[in-house]
Amino acid sequence: MSDRLILRQPDDWHLHLRDGAMLATVVPFTARQFARAIVMPNLTPPVTTVAMANAYRDRIRQAVPADSAFQPLMTCYLTDASDPNEIERGYTTKVWAAAKLYPAHATTNSAHGVTDMKKLTRVFERMQRIGMPLLLHGEVTDPGVDIFDRENVFIDKVLTKLLDDFPDLKVVLEHITTAEAVDFLMATSTQIAATITPHHLMISRNDMLVGGIRPHLYCLPIVKRERHRRALRRAATSGSAKFFLGTDSAPHAVHTKENACGCAGIFNAPFALELYAQVFDEEQALDKLEGFASLYGPAFYGLPANERQAVLERGRSEAPREIGAGNERLLPFAGPNGLAWRFVGLVEAAVNETRPRAGS
Ligand code: DOR
Ligand code: ZN
């Protein structure tokens, strides 16, 4: 078994960076490991206009350390009132890489989200025409639907119809959590792909709920039964280009997580690559990590893969328990059993090396 892993530098295709002091704290963690990231627009107020996205991108760039070439890829927050012309303008001027759809009240800062998919018919038509990807928080919000079933019902009731109605719309089903989502992706055309988080690959609902409730493992979509975790691991390590890396790193101050009504979100950015490497290693699929982390995402978005390489080494390391963020504290996710890999850094690809190696 190899103790060193070299792969093309990955990108994070689903990330929350927040704003203000939190933004300044969390950006360097992602910028250290990833070349690009799709940045979620669920700020308060949400990023709904090209001007807001430009301003947010500037604030993110100011937080990127000088020695990093990290590029934020911005997204448009869709509302019932989204204007197809504004969306097209942001996409064609390369401000937006995609648009994000939150069903209203599905998760953190989604109050302005979409109440009825029919309201977005013109937006979807336009996005389909210009090739702009639609990123879905795939959960229904009907109070009658159990929280553990919300993703499956979304697939059955909403997603199937959307794909039928807009057969050329590029869609990413974000942070999938179930075996049914995996099966659906496998059986559906290449117009749809899915991201998978490190935490959904590592924990099941037992980790969150047995022996005491662990608010730092609470996120949405909520972690499911063990059989779903296993299905997600099989999908991520399958070598199918329909599944790629998206951390959904979602920082919340400790006191808002350890609370009678705790926030949803897991902050995994500090050790994201280490966690994915550990999962692929446990599945004896380290040779599949580069496709999942570095190749399939760019291919879906029509972007070139990165030239630099990321280097990791096997070896246990200690994760800090807490990280300060202005006057707040953050608790990073470091897996249920501690870290088994260490991120060493980035290197330029050797001149005569056309394919990076997975392992050595
Ligand atoms: O757990 C989550 N946290 N899921 C989401 O969809 C949003 C995110 C956040 O912004 O905190
Ligand atoms: Zn998210």
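**Ligand 1 and the zinc site**

Modeller: In this predicted model, the shell around ligand 1 is made up of four nonpolar residues, seven polar ones and two charged ones.

Colleague: OK, and which residues of that shell are the closest to ligand 1?

Modeller: Of the 13 residues that surround ligand 1, the closest are R18, N42, T107, L220 and H252.

Colleague: What does the side chain of R18 do with ligand 1, in terms of distance?

Modeller: An N or O atom in the side chain of R18 lies 2.7 Å from an oxygen atom of ligand 1, and N42 places a polar side-chain atom 2.8 Å from an oxygen atom of the ligand. With L220 the contact runs through the backbone, where a polar atom is 2.7 Å from a nitrogen atom of ligand 1.

Colleague: How much of ligand 1 does the protein bury?

Modeller: The protein buries 99% of the 300 Å² that ligand 1 exposes when taken alone.

Colleague: And which cavity is the space taken by ligand 1?

Modeller: That space is the largest cavity.

Colleague: Switching to the metal, which protein atoms are donors to the zinc ion?

Modeller: The zinc ion, ligand 2, has as its protein donors NE2 of H14, NE2 of H16 and OD of D248, which lie 2.1 Å from the ion.

Colleague: How are those donor residues spaced in sequence?

Modeller: The spacing reads H-x1-H-x231-D, with H14 and H16 as the two histidines and D248 as the aspartate.

Colleague: Are H14 and H16 buried or exposed?

Modeller: H14 is buried, and H16 is buried as well.

Key
Residues numbered from 1 in each chain as written. Chains lettered and ligands numbered in written order. Predicted model: local features only at pLDDT ≥ 70, side-chain atom pairs only at ≥ 80, totals over all residues. Heavy atoms only, no water. Donors = N, O, S within 2.8 Å, 3.2 Å for Na, K, Ca; no water. Buried < 20%, exposed > 50% of the residue type's maximum accessible area, 1.4 Å probe, protein only. Near = heavy atom within 4 Å. Polar contact = N/O pair within 3.5 Å; in protein donor to acceptor, adjacent residues only side chain to side chain. Areas by Shrake-Rupley, 256 points an atom, 1.4 Å probe, with all protein chains shown as cover. 1 Å grid on protein atoms, 1.4 Å probe; cavity = no way out; pocket = protein on both sides within 12 Å on 5 of 7 lines; lining within 4 Å. Sits in = over half its atoms within 2 Å of the grid points. Nonpolar A, V, L, I, M, F, W, Y, C, P; charged D, E, K, R; others polar.
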